[in-house]
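User: Hi! I would like a close look at one small part of this model, followed by a walk outwards from there. Please keep it readable for someone who spends the day at the bench.

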Amino acid sequence: MMIWVDAVMQGVLIGGLYALFAMGLSLMFGIMRMVNVAHGDMVILMAFLGLLMTEAFGLGPFAAMAVVVPIAFGIGYVLQRGVLNHTISKDPLRSLVVTFGISIVVQNLLLEFFSADTRAIASGGLESQSVALAGNLAAGVLPLIIFGSAVLLTIALQQLFGNTTIGRAFRATSDDPGAAALMGVNNAHVYAFATAIAIGILGIAGIFHGMRTIFSPTDGPAQLIYAFEAVIIGGMGSFWGTLAGGVILGITQAIGARIDPGWGVLLGHVTFVLVLLFKPNGLFPKTR
Amino acid sequence: MNAHVAPQAAAAGSPPKSSFSVERSTRLGTATMVFFAVSLGFSVSMPFWADASHLRLLTELACYFVMAQMWNLLAGYGGLVSIGQQAYIGIGGYALIVFANMLGINPFFSVLLCGFVAALLAMPISQVVFRLPGAAFAIGTWAVAEILRLVVANTTALGGGSGVSLVALKEFERSTRESVTFWISISASYASVLFVYLLLRSRFGLALTAIRDAEVASQSQGIDVKRTKFLVYLISAFGFGISGGLYFLSNLRISPDAAFGVSWSPLIIFMVIIGGVGTIEGPLLGAVLFFLLSKVFEDYGTWYLTALGLIAVIVTIWFPQGLWGFVAKRFDLHLFPVQRRLRLLRGPSGKP
């Protein structure tokens, strides 16, 4: 019995990380109807930037985060304003091919500069600390921090969307870019700001990923698929839904892995297919 | 390139009926067909005089022709942008293993069956991925390919993660094997081009181009959009199944990563995009170009792929018509005329 409780708990905690990956994807799809195929590779890119900060400049992982997040934000803004804004149209072909191209470029540049070796970000012993819970159940401190960050960021995004000027611009351009432009919204800037936030979050997510587990340049696509599944399971257009989607994906993966190590990821995929078949709008769609 | 449809001109009133004609074929199109037939004859004779290593390379190129043509039909004409067609390459490859190795069916005949298996499995898969809107469809198809990869990797009967060899080919002599494989791949590539050409010239093709240009408008004109897209998806799966079977027929060994790996997608997509999406000529040109480049730059692995990714980005944003699109527009060249073109004839007044 305890082993299943433990599986669910570990699943919930890893789900927080998936939610961190997924928020930006959800944000970009919500506002621009665009799926960034390079999203997973951006996670890995940020993990490598974090590695560079900790190894080359001797920063702690959280100090590295303080440096990488603004860089990620900048990358996101420039990428959208300079490249991706040219691809926005009703036909998804252009944005998909362009972000796919970027994904291949990022992956191969990382391979060229960091080789195919697996790496990890040193977190100063944090990765081995845990909090004892009831019975012989224990939760790792790092997973708890990651999950806590996911909850805080969900609240922050919800606030940003609901109660700020830029949030209102987000919602307006999402509903009708033409009308929003007539009301004085600068769509190009709004889109760039949205992507900046989406990639900025990956500055946090990527470093957490690198602290939690080993990573290599070709790990991006798997992270993209997890993030995508979290968005679809939770339902598009709601950040709490995305968090819940990440948690559900995490739980099913953890339970699957306890049944048979080969089936963990697969059971997560199966959940995604079942949700699509029976609740195509996701489990927690935005009610509007 | 939009389909040019005639009735508007007649409705506008001024030109009398005789002053325009709808052109469906060009002299160049006929010439293409002649070249097509001659080159087919030439290719068929190749196993009798060409080097075995060249045959192998051409077999690979022929697989790319089919894949590029099928992805173009799906994305360029059907508007269904998929990053997961490797699902059907893998299904085709593993179907070949099941038919030839396990059931003892002639491996060359099995290739055809691979296409049917792929199309059959595409039916339930489409029920899942068609629920995803626009760009999300692309990632959904990719997730499906991942699922298949994991299922196969966990199935010991299919060799598990390390894969399996096509031992059924042992009973054939090497030269027979290579010639027959080559003939099948040549027929498959010519058939795929011819099929897409005839399909696009048919009523179905007209519906398809109409959907591509304006989905809502074509629905209001009575086109069954959902059914049309479903059929295109099945046809594409069939083509990918055949090419997957063929590829592993010539490769002799299959593994889940090679069969269902996502590295197929950038190859196929970049071929079509760089060649020119939404034309028949573009994917062919793209496949040849890509094939030559990959053989020349084989040793520069990561830098080559980086450059390829960058080219795909640049072409998509600044030259969305691709290489062939540029040629076609600049020189008004249509090797495979699929559109109906309105030609204004000189009226009695001398003005068009």
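Is Ala192(A) buried or exposed, and how many C-beta neighbours does Ala192(A) have inside 10 Å?

Analyst: Happy to take you through it. Please keep in mind that this is a predicted model. Ala192(A) counts as buried, because 20 C-beta neighbours lie inside 10 Å, and 20 or more is what a buried residue needs.

Let's place this alanine. Ala192(A) is part of helix α8 of chain A. Leaving out residues up to four places away in sequence, Ala192(A) touches Tyr77(A), Gln80(A), Arg81(A) and Asn85(A). Leu79(A) belongs to the picture too: 113 residues separate Leu79(A) and Ala192(A) along the chain, yet their C-alpha atoms are separated by 7.7 Å.

That leads to helix α3 of chain A, which covers residues 61-82. With 22 residues at 1.5 Å each, α3(A) should span 32 Å, and the 30 Å between its end C-alpha atoms therefore agrees with that expectation. Tyr77(A), Leu79(A) and Gln80(A) are among the buried residues of α3(A). Others in that group include Ala64(A), Met65(A), Val68(A) and Phe73(A). The buried residues of α3(A) pack against α8 and also against α2 (39-56) of chain A.

A short detour to α2(A) is worthwhile. This helix of 18 residues reaches 25 Å from its first C-alpha to its last, close to the 26 Å expected at 1.5 Å a residue. Most of α2(A) is covered, with 15 of its 18 residues buried. After α2(A) comes Gly58(A), whose phi is positive, near 65 degrees.

Back on α8(A), there is another helix to meet. The axes of α8(A) (residues 187-212) and α6(A) (residues 165-175) come within 10 Å and cross at roughly 110 degrees. These two helices are therefore roughly perpendicular to each other. On the α6(A) side, the contact is made by Ile166(A), Ala169(A), Phe170(A) and Thr173(A), while α8(A) brings Asn187(A), Val190(A), Phe193(A) and Ala194(A). By class, the residues of this contact are six nonpolar, two polar and no charged.

Ala194(A) turns up again in the interior. The largest nonpolar core has 202 residues, and Ala194(A) and Leu20(A) are those with the most contacts inside it. Setting aside neighbours within four places in sequence, Leu20(A) is in contact with Ser149(A), Ala150(A), Leu153(A), Ile201(A), Ile204(A), Ala205(A) and Phe208(A).

Two of those partners, Ala150(A) and Leu153(A), are among the buried residues of α5(A). Pro143(A), Ile146(A), Phe147(A), Thr154(A) and Leu157(A) of α5(A) are buried as well. The helix itself, residues 141-163, has 23 residues and reaches 32 Å from its first C-alpha to its last, close to the 33 Å expected at 1.5 Å a residue. The buried residues of α5(A) pack against α8, and also against α1 (2-32), β2 (138-140) and α10 (239-259) of chain A. In this way α8(A) appears as a packing partner of the buried residues of α3(A) and of α5(A).

Now for the side of chain A that faces its partner. In chain A, 38 residues are in contact with 34 residues of chain B. The elements of chain A that give two or more residues to this side are α4, α9 (220-234) and α11 (264-278). The largest share, 15 residues, comes from α4(A). By class, this side of chain A has 26 nonpolar, seven polar and five charged residues.

Finally, some backbone details. Most residues other than glycine have a negative phi. Ser115(A) has a positive phi of about 60 degrees, although it is not a glycine. Ser115(A) sits in the loop between α4 (93-114) and β1 (130-132) of chain A, and it counts as exposed because it has 11 C-beta neighbours inside 10 Å. In chain B, Leu252(B) is a residue other than glycine with a positive phi, near 70 degrees. Leu252(B) is found in the loop between α10 (225-251) and β3 (253-254) of chain B. With 13 other C-beta atoms within 10 Å, Leu252(B) is partly exposed.

Terms used
Residues are numbered from 1 along each chain as its sequence is written. Chains are lettered from A and ligands numbered from 1 in the order in which they are written. This is a predicted model: local features need pLDDT of at least 70, side-chain atom pairs count only at pLDDT 80 or more; totals for chains, interfaces and linings use all residues. Axes are lines fitted to C-alpha atoms, for helices over the stretch in contact, and angles run from 0 to 180 degrees between N-to-C directions. Helices (H or I, at least four residues) and strands (E, at least two) are DSSP runs, numbered from the N terminus. Angles under 35 degrees count as roughly parallel, over 145 as roughly antiparallel, 65 to 115 as roughly perpendicular and the rest as oblique. Two residues are in contact if their C-beta atoms, placed from the backbone, lie within 7 Å. Ala, Val, Leu, Ile, Met, Phe, Trp, Tyr, Cys and Pro count as nonpolar, Asp, Glu, Lys and Arg as charged, and the others, Gly among them, as polar. A residue is buried if 20 or more other C-beta atoms lie within 10 Å of its own, exposed if 12 or fewer, and partly exposed in between; C-beta atoms are placed from the backbone. A nonpolar core is a set of buried Ala, Val, Leu, Ile, Met, Phe, Trp, Tyr and Cys residues joined through C-beta atoms within 7 Å. The expected span of a helix is 1.5 Å times one less than its number of residues.
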